[in-house]
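Trainee: Could you take me through one part of this model up close? I'd like to look at the place where the two chains meet.

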Amino acid sequence: MDAIITNELTKRFQTVSALQGVNLRVPEGVAFACVGGPSSGKTTLIRILAGLCRPTSGDSFVLGISTFFESEKLHGVAGAVLNSARMYDHMTLSENLRFFAGLNGVDENDAIDRLSQLLHRLDIWEHRDQTVDRLTTGVRVRAALARALMNRPRVLLIDEPDGGLDRETADHMRELLSYWVTQEGMTVLLCTRNMAYAQLLGSQFAVIHQGVLRASGDMEALRERAGVRCRALLRLGEGQQPPKGFVRCDAGWQKDLDSEEELPRIVSRAVFDGKEIYEARIIPPTLEELYTALLEGGAERIGELDGFQEDSEDGYKDTETAPEDGSEDPEEGSQETGLF
Amino acid sequence: MRKDLNAIWRRKGIRALLMIMPAVLVVVIPLAYFATISLLPVPETAHRPEVLLSLLSAETAGHGYRQFWMDAFTSLMCPMLFLAVPIVCAVTSAACVFVSEKENHTLETLLLSPMSSRSIFNTKITVCVMVTIIISVVSFFVFAITVSVADIVISAPFFMSLEWLVTLFLLMPSVTLFSVVFVTLLIHRVGSVGECLQTVGYILLPFLVLFLIQFTGAIRLNALFLGVLSVVLFAVSVLLFNFSARRFNADSLFSRTGSI
């Protein structure tokens, strides 16, 4: 079942189009990361899903609840961490959490238990009696997460803090969210521009750019959509020439693969040819690489480029490839060794 | 509700304003006036303005010069000073409870709770009206004691009248509700508590003009007039309350083109 569904979601602010026909499906019980650059529509998406903003057209549902028309019901099952939703500066962290737990109908004793559990897990227990205006930015971010989790929401919506996340906060958040997703089946939707963090936290992703959803799915689906290939990395013995198609990189020699199954064949052939292989591994593309590729046109554009390369014979492709076994003519080597 | 009351009480500036302003309006000014008319010599040729005399009760005509001016002050000027108390308190408390929450980004967090925006709105209005009425009633009793003592000292007629009763029980609550609702209409536009407090003038000015016009002799704000004014003001407040309550939702409060 999908925890979050948006249908042709569009939002316009006067002349600015923040979202354009976004159709998103977030399965229940997964950590889903929506990535995009500045002003890509991430915050608007989160605000609409949190019931704080009315879409210009289209509709959105969280656990089957209309996010705008049933916002009170929505807030009973979904928590939200937004930059613009803060806690009371003059109250202590503990007072804030108990106050918001009370608003969410959490029993006083349960609230104290929950507060203790969350603050310990987020490593901010020692700040519980400090007023919020005295907390550091990182602690505030974690406190906001604790506030959103006080009523045990089934869906958690997170908009990345304006200033990004410091390492410690990011680690604590990731650890806590991973626990809740795996142990309690909570669905997390994180909107961020930090691709590395999104990749660490999420198992499924969406790429949004200028209000348009470019792609969504797991890494493999994005990779196919982006037309980006996995790479093989080989570390060879001193002075040894790499198989054909490999180019020099910091860690050794690398080459784009059509599929992962290609690597064992490359390795066995290289070993057969007497090469000393110290390391051979597949390097999948990072989310950032996929994001860049998707913004540049994705698989369609790659297809066009491939077509261009085939048409232009070998002159374009061979400029950076290593010669086969020291052979000066890579084409000749290719004919001899097949794969290489 | 307790959180909103704390929010008003915890801010030193707001607390001082809610305590000092009423004290100045209903104690300091009447005492200063009383001291002035008691201490200044009365010239033998001094006579009471006929226009003002016609506005006061027949009982006043039989009193002396100082008693006349004390009665004129308590009957014509003091209701205006007293009504300034609910206006200032209502605008201040509403600014603190509504605008300050919006300014500090806590209103959005409240709206993320399962409470309906309507019930959040109603609760905040209730707090503001309650605080204002309590302060106004306390102010009235302090004012009554101050003026009564002054009346006794200079043997002026007792200040309490039907007009005062209408002002206290009908006009003051209506003015309070109107002032609070007026601020809620502005929360979409104003960006800070200070900016909001400037709107006190918009509400205060019509009442100031209304009461000062009496000194021209053109009108007399009698009990009937004040009663009708109270009812009209209450009806307008209820209409504006419903209008404002409908606009009190996250989409309308936080619609912006900033971060998208």
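Mentor: Here is a walk through the interface, then the rest of chain B, then the salt bridges.

This is a predicted model, so to speak of a local feature we need pLDDT of at least 70, and side-chain atom pairs count only at pLDDT 80 or more, while totals for chains, interfaces and linings use all residues. Residues are numbered from 1 along each chain as its sequence is written, chains are lettered from A and ligands numbered from 1 in the order in which they are written, and side-chain values use heavy atoms, with hydrogens and water left out.

Start with who touches whom: 24 residues of chain B are in contact (heavy atoms within 4.5 Å) with 35 residues of chain A. Together the two chains bury about 2600 Å², and carbon and sulfur atoms give 62% of that. Buried area here is the accessible area (1.4 Å probe) that two parts lose on being put together, summed over both.

Now the polar side of things. Between chain B and chain A, 10 residue pairs are in polar contact, both residues at pLDDT 80 or more. That term means a pair of N or O atoms within 3.5 Å; within protein, one must be able to donate a hydrogen and the other to accept it, and residues adjacent in sequence count only if both atoms are side-chain atoms. The rule also finds one salt bridge across this interface, that is, a side-chain nitrogen of Lys or Arg within 4 Å of a carboxyl oxygen of Asp or Glu. A:Arg47 pairs with B:Glu108, and their closest N and O atoms are 2.4 Å apart.

On chain B, the elements that give two or more residues to the side touching chain A are helix H1 (2-10), helix H6 (107-111) and helix H12 (250-253). H6(B) gives the largest share, four residues. Helices are DSSP runs (H or I, at least four residues) and strands are too (E, at least two), numbered from the N terminus.

Stepping back, chain B has 12 helices and zero strands, and its C-alpha trace spans about 75 × 35 × 25 Å along its principal axes.

As for salt bridges, the structure holds 17 over all chains. One of them joins A:Arg98 to A:Glu108, with the closest N and O atoms 3.3 Å apart. A:Arg98 sits in helix H3 (residues 93-103) of chain A and A:Glu108 in helix H4 (residues 108-121).
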